[in-house]
Amino acid sequence: MNTTEIFNEHVMATYGRFPLTLAEGRGARVRDDQGREYLDFCMGIAVCSLGHCHPRIVDAIRDQAGRLMHVSNLYYTESQGLLAKEMNLEHIKLPGKIFFSNSGAEANDGLIKSARRYGHLKPQADGKPRFEVITFQQSFHGRTLGSMAATGQAKVQQGFDPMLPGFRYLPYNDIAALENAVRDDTIGFLLEPVQGEGGVHVATGEFLEALDALRKKHDLLLMFDEVQAGFGRCGEAMAWRVNAPNIEPDGISWAKGMGGGIPIGAFWLSDRVVDEKGTKLSSLMGAGSHGSTYGGNPLVCAAAIETLKEIREKDLAGNAIRQSQRIRTAVASWELPVVTEVRGLGLLIGIALDAKLIPTGERETCALKVVKSLISKGLITVPAGPETFRLLPPLNVTDEEVDEALAIVKDVLSQF
Ligand SMILES: Cc1ncc(COP(=O)(O)O)c(C=O)c1O
């Protein structure tokens, strides 16, 4: 049996997989099991921020694995504390505390639970807790019961009714729709500063400021899902700061790029004092309120520390801005009718396509058709919705690698 056959026999078919078995990778390149090399501008969907098998991460994992891989969160471990310190002092730069999870969906569940706790501390006039979290159409927050309910896309929720109650989806970037949006039971907003899976849409500074104003007016929580956008990918350590540098959120979630390839997620709560007794928001998640057996174990934290230090020390957010500009300039210069728009921030780039110009097969979107074509020419990318594909190269991608990828993109898109 080959790998595909073993998968088909034994692995649940929750993914529509490309017919590609990836075997090894280095930097921006991967090889399949036939030895064919590809440029990887998917990077595990924005996970491998330093490329595949970066020596700094590999060394950290090897070293930590030989000393201590896992102990319970009932004890202190050096690497979890140091990772939280690196995140707080060097990247978030706001007073707060961090909880480590294993994935982005879990991190968002943690934020949703935190919001509910806040709703108990600050209830409605009749004493009932506030609990509704407003999220946005086309958002993506994950696949757990909580994060799925928070996700404003019917296709993600289909067949899993009833949803966890307490979510309402407003149109993204629509300031007018915020008027009268806050109800008695509303406790906060959760949104991606750049919607990734939903088609690569960037929240405007005005929209974020409007949410911030509502937060202050109604004593709500403003929570950013930076799972895909955070830690340098958008050209800043924190993606919301690109368009709204003065906002100080109450909660943040991350996963993906923070670990460079190991499974890690996290959520952060502000140390902001929220009542006259001096209660800090972060203290609402006290002992016994939340947990994770694996969350933040020594192995993953050792890898994430080196990932975040490399991003900071080498100014990879700066490289993300520079390479983004090169990509945008090149795509614009082609003047191809099939490209309707280039969206995104930094190296979270969405190239939107004119579906009318791309003939597709049955149940195939134009984005999927283009991605398949790119793979056949040696460039791995990933769709974002039906009419957009993403470029998510590693943050340390070089000029040569970008030029090589652009040549393949131009070649493929010129056919339409
Ligand atoms: C913005 C955002 N939030 C949450 C998630 C869920 O993360 P995970 O797959 O690690 O649970 C994703 C995954 O694509 C995401 O892009």
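1. Enclosed space. In this predicted model, the count comes to one cavity of 30 Å³ or more. The largest cavity has a volume of about 30 Å³. Its lining consists of V71, S72, N73, T77, Q80, G295, G296, N297 and P298. By class, that lining divides into two nonpolar and seven polar residues, with no charged residue.

2. Second largest pocket, size and centre. This pocket holds about 440 Å³ of space. It is lined by 19 residues. Those closest to the pocket centre are K97, I98, F99, M285 and G286.

3. Second largest pocket, contributing elements. Three elements give two or more residues to the lining: α4 (78–92), β4 (96–101) and β12 (265–270). Which of the elements gives the most to this lining? Strand β4 does, with five residues. As for chemical class, the lining has eight nonpolar residues, 10 polar ones and one charged one.

4. Ligand shell. There are 13 residues around the ligand. G104, A105, D225, Q228 and K256 come nearest. Helix α5, spanning residues 104–121, gives the most to the shell, with three residues. The shell splits by class into three nonpolar, six polar and four charged residues.

5. Ligand contacts. What lies 2.8 Å from an oxygen atom of the ligand on the backbone side? A polar backbone atom of G104 does. Q228 also has an atom 2.8 Å from a ligand oxygen, here a polar atom of the side chain. For K256, a polar side-chain atom lies 3.2 Å from an oxygen atom of the ligand. Taken alone, the ligand exposes 390 Å². The protein buries 81% of that area.

6. S103. This residue sits in the loop between β4 and α5. The strand on one side of that loop, β4, gives five residues to the lining of the second largest pocket. The helix on the other side, α5, gives three residues to the ligand shell. Is S103 buried, exposed or partly exposed? S103 counts as partly exposed because its relative accessibility is 25%, and the partly exposed class runs between 20% and 50%. Along the chain, S103 and E206 are 103 residues apart. Their C-alpha atoms are separated by 30 Å.

7. P95. The loop between α4 and β4 holds P95. Both of these elements also give residues to the lining of the second largest pocket. P95 has a relative accessibility of 59%, so it counts as exposed; the cut-off for that class is over 50%. P95 and D126 are 31 residues apart in sequence. From C-alpha to C-alpha they are 33 Å apart in space.

8. R390. This residue belongs to strand β17, residues 388–391. Its relative accessibility is 1%, so R390 counts as buried; buried means under 20%. What does the side chain of R390 contact? It makes a polar contact with the side chain of E197, at 2.8 Å. A polar atom of the R390 side chain also lies 2.6 Å from the backbone oxygen of P383.

9. Points to check in the viewer. For the ligand, start from G104, Q228 and K256, which are among the residues that come nearest. For the second largest pocket, start from K97, I98 and F99, which are among the residues closest to its centre. For the buried charged side chain, look at R390 and its polar contact with E197.

Definitions and conventions: Residues numbered from 1 in each chain as written. Predicted model: local features only at pLDDT ≥ 70, side-chain atom pairs only at ≥ 80, totals over all residues. Heavy atoms only, no water. Near = heavy atom within 4 Å. Polar contact = N/O pair within 3.5 Å; in protein donor to acceptor, adjacent residues only side chain to side chain. Areas by Shrake-Rupley, 256 points an atom, 1.4 Å probe, with all protein chains shown as cover. Helix = DSSP H or I, 4+ residues; strand = E, 2+ residues; numbered from the N terminus. Nonpolar A, V, L, I, M, F, W, Y, C, P; charged D, E, K, R; others polar. 1 Å grid on protein atoms, 1.4 Å probe; cavity = no way out; pocket = protein on both sides within 12 Å on 5 of 7 lines; lining within 4 Å. Points joined across faces, edges and corners; volume = space filled by probe spheres on them. Buried < 20%, exposed > 50% of the residue type's maximum accessible area, 1.4 Å probe, protein only.
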